[in-house]
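Biologist: Please show me the model, and then I will put some questions about it.

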Amino acid sequence: AKVPDNGPRPAPARPYPLDFPQYQAQDDLVAAHRHAQNLDQLFLGLEKNVSAQHVEALNITLQGEIPLERLVSEGHLPPPTWLQDPSLAAGSSDKKQDDAASNQKARQSEHESFYLRARELLQGNDECFDSLPGTPGARRPPPVRLSHANKFYQHLLLMAESWDTSKDNYTTNEDGEEMYTGRRYGAGHEMPPHYREDTVSAFVELCVWPFMCNLQNPWSSVNRKLQFRKQYFPIQGITSTVCRNHTDRQKARKGILEGPLVGIHCWNMTTFRTASEAKGDGKEEIMSLLFEVGAALLIAQKRAREGKEEEKPWQDRFWALAERRHLGEIGGGRQDSETNARARREIEATKSGVEPMEDVEMEKKDNEPDGKESKKRRIQAPRQAYLTTKPPESQWEPKMEYRSIGKEPGAGFDNVYFSPFFPAKLHQVVIIMIGNI
């Protein structure tokens, strides 16, 4: 966070208007596209031709305003009494029998862990911001002592410097220049995307840490692709997933995780429709919904990999696994012929005593005007490059044991939870559950 003086400064950009997607299913399209057969053709070129037909073809039902008791299984919600100090609750409760003392102690430990985090999150934002060291208006002693949520409020302050308009105050100086006092240094649409991602990650991390869980970032863009029939769709906005530390100590030391349990999706858009589009009909509005559903389905696909092995499309293909030695017998196309011709010339040169073309080192001259130090880069010979060609990257994370943790034993379906965080305000959080409703 920036640490300026508290006086007036040149006014930043005006606040950006808040906007959220408000897609609603259209009844007239349900019957026409819900049972579409040619989904491969429909979703070909999705981003260029996105429309409500893509949503209706997925045969999904959208339900909002779902109570928390329906999203969380019975018995897993903390009781309202956990918002009270556990030491006071323990003093007022009756003594348990010795055989139940261990269970009571474990329950009190969960109560204390929940209470300490909830107490910090229920504090006012201004008081928590003033408790951060090195921030404007920081007070000593701090009004609130932060331990678990300190990282979260640090990142939240960075977001507030783009979105919080509660302290905006505009004045005009003697020269007629507009001056400003407040918290913002820019508008919401100018905020770097990683501010939002870091804030969400810090919030989720402090919530899942007591459950022996961590946040896992996707290893590469390959791991963010949803397999939809014969097509692969890159899912934008997946920032991390919640995974459990491995129960095996040796595997846990190697960084192997289990899961995923929950997926996190940060949508970095601030405009969901143009001026000519009505609410619910914007292309970006529909696209955001499709990405949310696609992200939840991707988490479901990963959880369904439990006990399975990856089926690689390049399995048993000569160009991925076979040793490339008999170059003259492989392939018949123009490119293969050129490669084989180069290989033959190299073999003949080796037989005649001439050094074949191997790795070549290109060195920059030391007397170049930029004065940079000489750098070397290696260029492989065509034959060597052909021999070292590797198959495509795996779709599975290397340090992940896929498990459908939390799935009811014997259930024929798996409820998938996904949390899309919209950009405008942090409290605008959507928790999505996909299941057999």
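Biologist: How many contacts beyond four places in sequence does the model have for residues 28–33, and where does pLDDT stay there?

Modeller: This is a predicted model, where local features need pLDDT of at least 70, side-chain atom pairs count only at pLDDT 80 or more, and totals for chains, interfaces and linings use all residues. Residues are numbered from 1 along each chain as its sequence is written, and side-chain values use heavy atoms, leaving out hydrogens and water. Over residues 28–33 pLDDT (the predictor's confidence in each residue, from 0 to 100) stays under 50. Counting heavy atoms within 4.5 Å as contact, the number beyond four places in sequence is seven.

Biologist: What does pLDDT average over the protein?

Modeller: Of the residues, 66% score at least 70. The average pLDDT is 75.

Biologist: Which helix gives the most to the largest nonpolar core?

Modeller: Such a core is a set of buried (under 20% relative accessible area, 1.4 Å probe, protein chains only) Ala, Val, Leu, Ile, Met, Phe, Trp, Tyr and Cys residues joined through side-chain atoms within 4.5 Å. The largest has 23 residues, of which Leu46, Ile235 and Ile286 touch the most other members. Helix 3 (52–57), strand 5 (225–228) and helix 11 (283–303) each supply at least two residues; helices are DSSP runs of H or I with at least four residues, strands of E with at least two, numbered from the N terminus. With eight residues, the one giving the most is helix 11.

Biologist: Which residues does Ile286 touch?

Modeller: Residues up to four places away in sequence are not counted. That leaves Tyr23, Val50, Ser51, Ala52, Val55 and Asp281.

Methods: Buried means under 20% relative accessible area, exposed over 50%, partly exposed in between (1.4 Å probe, protein chains only).
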